[in-house]
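This report is meant to be read beside the model. It takes the parts in turn, from contacts between chains to a single residue.

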2 protein chains.
Amino acid sequence: MNIDLNLSNFMEELDHNCKKVQKKSFQKGEVITSYIAKRNQLCLLLFGEADLIRYDLNGNRTIVEHFTNNDIFGEIFYTVNTNNELFVEAKKTCTVLFFIYDDLQQKCTKSCSFHQVLLDRLSSLYLNKVIELNTRIELLSKRTIREKLLGYFYVISSKNMGKTFQIPFSLTDLADYLSIDRSAMMREIKMLKEDGFIEKSGNRIRLLYK
Amino acid sequence: MNIDLNLSNFMEELDHNCKKVQKKSFQKGEVITSYIAKRNQLCLLLFGEADLIRYDLNGNRTIVEHFTNNDIFGEIFYTVNTNNELFVEAKKTCTVLFFIYDDLQQKCTKSCSFHQVLLDRLSSLYLNKVIELNTRIELLSKRTIREKLLGYFYVISSKNMGKTFQIPFSLTDLADYLSIDRSAMMREIKMLKEDGFIEKSGNRIRLLYK
DNA sequence: TTTTTTCTGTTGCAATTGCAACAAATTATG
DNA sequence: CATAATTTGTTGCAATTGCAACAGAAAAAA
């Protein structure tokens with residue numbers, strides 16, 4: 001389970017003449033890719049932060065996933081589409097590799113050993129993603145706003161190994177991530193403070209339970 | 001993308017002396033595995049149907065995933081646990097292969113070529129799972145019961161390639177799968193019928209829109 | 001620095017959802 | 001077949017959540 005997932009370490013091995021992969025950078029706010037679901041695109045976020053966004057027909061915005069270094073994303077993961085448009089937006093400056101899934105399976109020039117490294121790690125990258133998605137499902141399947149918030153705080157605090165942490169979202173974004181109304185969420189955060197579950201200043205949270 | 005995922009075709013190649021894998025069968029209602037999150041277990045459902053179940057502290061039951069032929073599951077996908085116990089329950093007679101993740105990476109005896117086949121297909125199995133989970137997330141992130149139901153019906157009808165289909169759950173289970181109250185769901189189904197979105201007899205549904 | 005935009009925090013009210021309880025129908029089990 | 005257990009369908013009521021609207025704070029842009 002302790003595999004070096006940091007593919008940017010291997011970037012120097014990527015042949016610059018390699019046609020199977022594109023490397024691009026994006027500024028905050030730019031759209032990295034939109035899921036048109038035809039090209040079988042697979043993307044690797046080498047560096048930065050980005051969100052996968054969906055707007056439904058009522059204008060509700062959902063942050064479907066939040067990506068950081070070495071996360072993968074792309075149309076390839078959305079075969080069964082349920083209508084709404086999805087797109088990935090850079091939240092900070094991002095460097096992204098773009099592949100076409102079918103090309104990935106083929107070997108490149110001998111000098112371009114990056115492909116092989118990526119293929120070797122693909123299982124691990126997928127496994128990582130499955131774990132992330134399961135965590136996400138656990139949060140979304142919670143029944144109340146309070147449970148979603150506490151569950152989310154618990155996940156963050158586990159990752160940071162500490163009871164005090166910074167929320168990596170604005171509160172507006174957090175509501176869109178947990179798929180709840182922002183004002184209702186604010187109300188619940190207030191009650192969590194009153195009930196002694198958390199302390200909060202800015203977007204720094206301290207858990208007071210367990 | 002058209003890879004033969006049906007691993008049961010390769011089962012005859014599994015060496016019976018192979019110690020790296022266990023094969024077991026289960027009757028309806030039996031617990032296939034419980035996620036103790038220590039053994040790094042990876043399971044493959046060769047044949048049958050099973051549900052991954054979670055009970056929260058208030059006694060709410062959630063069907064986290066529904067597994068059919070060639071689906072994979074296991075602790076390995078739940079590194080970041082958020083407290084509640086998870087277990088997999090057979091809904092029909094099931095045949096399951098059990099692996100320990102780390103063993104999987106090692107080669108077995110020469111006569112046991114099944115391992116290699118499995119390893120080769122692991123990426124595809126993962127990819128498949130990621131697609132499933134993304135669909136699941138899309139449903140769970142919908143804001144209303146109506147949207148969840150319509151979204152779910154759309155997914156099923158896409159898989160079956162037809163506007164009439166059988167729900168593979170009891171309605172009680174469907175509510176637990178969509179993470180909503182059963183009676184509220186029944187009320188919404190009734191309104192969907194009244195509003196002319198669906199027809200329903202038993203657990204056979206016909207979509208009347210689009 | 002000033003202006004504009006976005007984000008936070010709050011609240012009343014309406015709509016949706018969950019809860020509890022029950023009868024009827026269906027399915028499992030002895 | 002008879003009985004038990006589970007599932008479906010329904011409803012009134014309570015609790016939760018969403019919506020709308022706004023003011024102040026903070027952040028971004030000019």
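What follows covers the contact between two chains, the division of one chain, the surroundings of two DNA strands and one residue in a helix. The model is predicted.

**Contact between the chains**

Chain A and chain B each put 29 residues into their contact. On the side of chain A that touches chain B, strand 5 (61-67), helix 2 (114-140) and helix 3 (145-160) of chain A each give two or more residues. Helix 2 of chain A gives the most to this side, with 14 residues. Sorted by class, the side of chain A that touches chain B has 14 nonpolar, 11 polar and four charged residues.

**Domains of chain A**

Chain A is divided into domain 1, residues 7-121, and domain 2, residues 145-207. Between them, four residues of domain 1 of chain A are in contact with four residues of domain 2 of chain A. The side of domain 1 that touches domain 2 in chain A consists of one nonpolar, two polar and one charged residue.

**Surroundings of the DNA strands**

DNA strand C is surrounded by 16 residues, and the closest are A:L171, A:M186, B:T144, B:D181 and B:S183. Two or more residues of the surface near DNA strand C come from each of helix 4 (171-178) and helix 5 of chain A and helix 5 of chain B.

Around DNA strand D there are 16 residues, of which A:T144, A:S183, B:L171, B:S183 and B:M186 come nearest. Here helix 5 (182-194) of chain A, helix 4 (171-178) of chain B and helix 5 (182-194) of chain B each supply at least two residues.

The table lists, for each strand, the element with the largest share of the surface and the classes of residue.

| Surface | Largest share | Classes |
|---|---|---|
| Near DNA strand C | helix 5 of chain A, four residues | five nonpolar, six polar and five charged residues |
| Near DNA strand D | helix 5 of chain B, four residues | five nonpolar, six polar and five charged residues |

**One residue in chain B**

B:Y152 lies in helix 3 of chain B, which covers residues 145-160. Is B:Y152 buried or exposed? B:Y152 counts as buried because it has 20 C-beta neighbours inside 10 Å, and 20 or more are needed for that class. Leaving aside residues up to four places away in sequence, B:Y152 touches B:L139 and B:L178. B:L139 is 13 residues from B:Y152 along the chain, and the C-alpha atoms of the two are separated by 6.7 Å.

Terms used:
Residues are numbered from 1 along each chain as its sequence is written. Chains are lettered from A and ligands numbered from 1 in the order in which they are written. This is a predicted model: local features need pLDDT of at least 70, side-chain atom pairs count only at pLDDT 80 or more; totals for chains, interfaces and linings use all residues. A residue is near a molecule or strand if its C-beta atom, placed from the backbone, lies within 6 Å of it. Ala, Val, Leu, Ile, Met, Phe, Trp, Tyr, Cys and Pro count as nonpolar, Asp, Glu, Lys and Arg as charged, and the others, Gly among them, as polar. Two residues are in contact if their C-beta atoms, placed from the backbone, lie within 7 Å. A residue is buried if 20 or more other C-beta atoms lie within 10 Å of its own, exposed if 12 or fewer, and partly exposed in between; C-beta atoms are placed from the backbone. Domain bounds come from an automatic or database domain assignment.
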